[in-house]
Amino acid sequence: VAGMTNNPPVTVLGLGAMGRALARTLLAAGHPTTVWNRTPGKDDELVAAGAVRAATVADAVAAHRIVLACLLTNDTVDEVLTGVPLDGRILVNLTNGTPAQARALATAYGPDRYLDGGIMAVPPTIGGPHAFVLYSGSAPAYDEARPALETFGEARYLGADPGLAALHDIALLSGMYGMVGGVLHALALVRAAGVSATGFAPLLTRWLTAMAGGVGRYAAQLDAGEYGRDVVSNLGMQAAAWDNLTDTARAEGVDPRLLAPLGDLMRRRAADHPDEDLTGIVELLKETA
Ligand code: FVH
């Protein structure tokens with residue numbers, strides 16, 4: 001019986017770039033897979049690889065116990081599943097969303113059979129060594145779906161609170177977008193000055209990789225609430241150099257708006273706490289600060 005093997009059958013709702021990658025990976029790993037998408041025509045390659053095309057969402061959900069949703073937003077998930085009987089189903093929602101949305105969906109669809117997920121990969125890397133997916137919500141649902149979920153990359157279960165996966169996902173994306181903002185500013189700056197961005201890129205990668213080594217020290221400072229502990233480069237020195245970044249950008253015709261908020265916070269914190277590390281500025285991020 002297919003459902004009793006280590007390759008439980010799975011329904012995939014949503015065949016965007018990510019949904020297709022997930023379905024492709026499940027099929028390659030031998031999981032019987034039923035697929036559904038609002039707009040027809042996105043499943044041809046999957047059907048050729050062995051997927052079963054469902055005509056309606058209800059048919060897709062009825063097909064298998066494990067139902068995986070990867071749609072644009074959680075509003076879409078709600079819209080697509082409204083009125084569809086989910087009795088006896090495990091809903092694994094891999095759609096990007098907030099912790100509050102995940103908790104609300106768990107309440108609506110049944111906390112004992114709802115699992116929320118945050119995909120930390122892009123479609124081409126699904127199933128590869130760098131992909132990992134964070135899960136939270138029902139532990140029994142996770143255990144049952146695990147053989148399928150592990151095909152996507154490392155599966156990490158964070159706990160019973162359905163909002164935990166989204167919290168970690170959003171925090172990781174926040175770190176990524178902060179980095180991308182700096183990267184785009186740096187590339188725009190060298191381009192504006194007539195330097196090849198492609199030639200500069202390896203230096204930037206090398207520098208960011210080295211600087212990523214500081215994340216653990218920052219984290220320890222935050223956990224201890226001791227921003228002056230193990231300081232490597234003090235805030236007063238960094239704030240004093242900040243205008244060089246924005247002045248150089250403006251001189252090259254590059255608007256420093258991606259960096260400016262960080263400089264403002266550094267200056268404010270450095271005024272009273274020049275000996276701290278950069279981490280001291282988190283005190284200014286508290287809504288009441
Ligand atoms: N792609 C990525 O790099 C990231 C990696 C991390 C996780 N995200 C999240 O995954 C969700 C899906 O992303 P995606 O890349 O598959 O997105 P699209 O290719 O744009 O596909 C969107 C699917 O959603 C369907 N859809 C949209 N609106 C509706 C609706 N009102 N009713 C039914 N389905 C809807 C859409 O269907 P269609 O337009 O083809 O008919 C696609 O199946 C997402 O949360 C990312 O943040 C991806």
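**Exercise 1. Trace the centre of the sheet, starting from V10.**

Step 1. V10 stands opposite T33 in strand 2. This is a predicted model, and the pairing described here is read from its coordinates.

Step 2. Strand 1 (residues 10–13) and strand 2 (residues 33–36) run parallel and are joined by 4 bridges.

Step 3. Strand 1 also pairs with strand 4, again in the parallel sense and over 4 bridges. In this pairing V12 stands opposite L68 in strand 4.

Step 4. Moving on from strand 4 (residues 66–69), a parallel pairing over 4 bridges leads to strand 5 (residues 90–93). Here A69 stands opposite N93.

Step 5. Place these strands in the whole sheet. The sheet is open, has 8 strands in the order 3-2-1-4-5-6-7-8, and its pairing is mixed. Strand 3 (52–53) and strand 8 (154–157) are the edge strands, each pairing on one side only.

**Exercise 2. Decide whether the two faces of strand 1 and of strand 4 are buried or exposed.**

Step 1. Sort the residues of strand 1 by direction. V10 and V12 point one way, while T11 and L13 point the other way.

Step 2. Apply the criterion: a residue is buried if 20 or more other C-beta atoms lie within 10 Å of its own. V10, V12, T11 and L13 are all buried.

Step 3. Repeat for strand 4. I66 and L68 lie on one side, V67 and A69 on the other, and all are buried, so both faces of the strand are covered by the criterion of 20 or more neighbours.

Step 4. Set this against the chain as a whole: 35% of its 289 residues count as buried.

**Exercise 3. Describe how helix 7 is placed against the sheet and against helix 8.**

Step 1. Begin with the sheet. Helix 7 (residues 163–192) lies across strand 6 (114–120) and strand 7 (132–137), and it runs at about 15 degrees to strand 6.

Step 2. Take the helix pair next. Helix 7 packs with helix 8 (residues 197–211) at an angle of about 145 degrees, and their axes are 10 Å apart. The crossing is right-handed.

Step 3. List the residues that meet. Helix 7 contributes M179, V183, A186, L187, V190 and R191, and helix 8 contributes A197, F200, L204 and L208.

Step 4. Classify them. The contact of helix 7 with helix 8 has 9 nonpolar residues, no polar ones and 1 charged residue.

**Exercise 4. Give the same description for helix 10 and helix 11.**

Step 1. Helix 10 (235–251) packs with helix 11 (residues 260–272) at an angle of about 145 degrees, with the axes 9 Å apart.

Step 2. The crossing of helix 10 and helix 11 is left-handed.

Step 3. On helix 10 the contact is made by L235, G236, Q238, A239, W242 and T246; on helix 11 it is made by A260, G263, M266, R267, R269 and A270.

Step 4. By class, the contact of helix 10 with helix 11 has 6 nonpolar, 4 polar and 2 charged residues.

**Exercise 5. Characterise the surroundings of the ligand.**

Step 1. How many residues surround the ligand, and which are the closest? There are 21, with G16, M18, R38, T39 and N96 the closest.

Step 2. Find the elements behind the shell. Helix 1 (17–28) and helix 4 (74–81) are the elements that give two or more residues to it.

Step 3. Break the shell down by class: 10 nonpolar, 8 polar and 3 charged residues.

**Exercise 6. Examine two residues in the loop between helix 9 and helix 10.**

Step 1. Locate them. V232 lies in the loop between helix 9 (215–224) and helix 10, and D230 is found in that loop too.

Step 2. Why do V232 and D230 count as exposed? V232 counts as exposed because it has 8 C-beta neighbours inside 10 Å. D230 counts as exposed because it has 11 such neighbours, where the limit for exposed is 12 or fewer.

Step 3. Check the backbone of D230. Its phi is near 55 degrees, a positive value in a residue other than glycine.

Step 4. Relate V232 to a distant part of the chain. The C-alpha atoms of V232 and D59 are separated by 59 Å, and the two residues are 173 apart along the chain.

**Exercise 7. Summarise the chain.**

Step 1. Count the elements: the protein chain has 11 helices and 8 strands.

Step 2. Give the extent: along the principal axes, the C-alpha atoms fill a box of roughly 65 × 45 × 30 Å.

Step 3. Among contacts between residues at least 6 apart in sequence, 57% join residues at least 24 apart.

Technical notes. Residues numbered from 1 in each chain as written. Predicted model: local features only at pLDDT ≥ 70, side-chain atom pairs only at ≥ 80, totals over all residues. Pairing = 2+ DSSP bridges. Contact = placed C-beta atoms within 7 Å. Axes fitted to C-alpha atoms, helices over the stretch in contact; angles between N-to-C directions. Left-handed = near helix turned anticlockwise from the far one by under 90°. Nonpolar A, V, L, I, M, F, W, Y, C, P; charged D, E, K, R; others polar. Near = placed C-beta within 6 Å.
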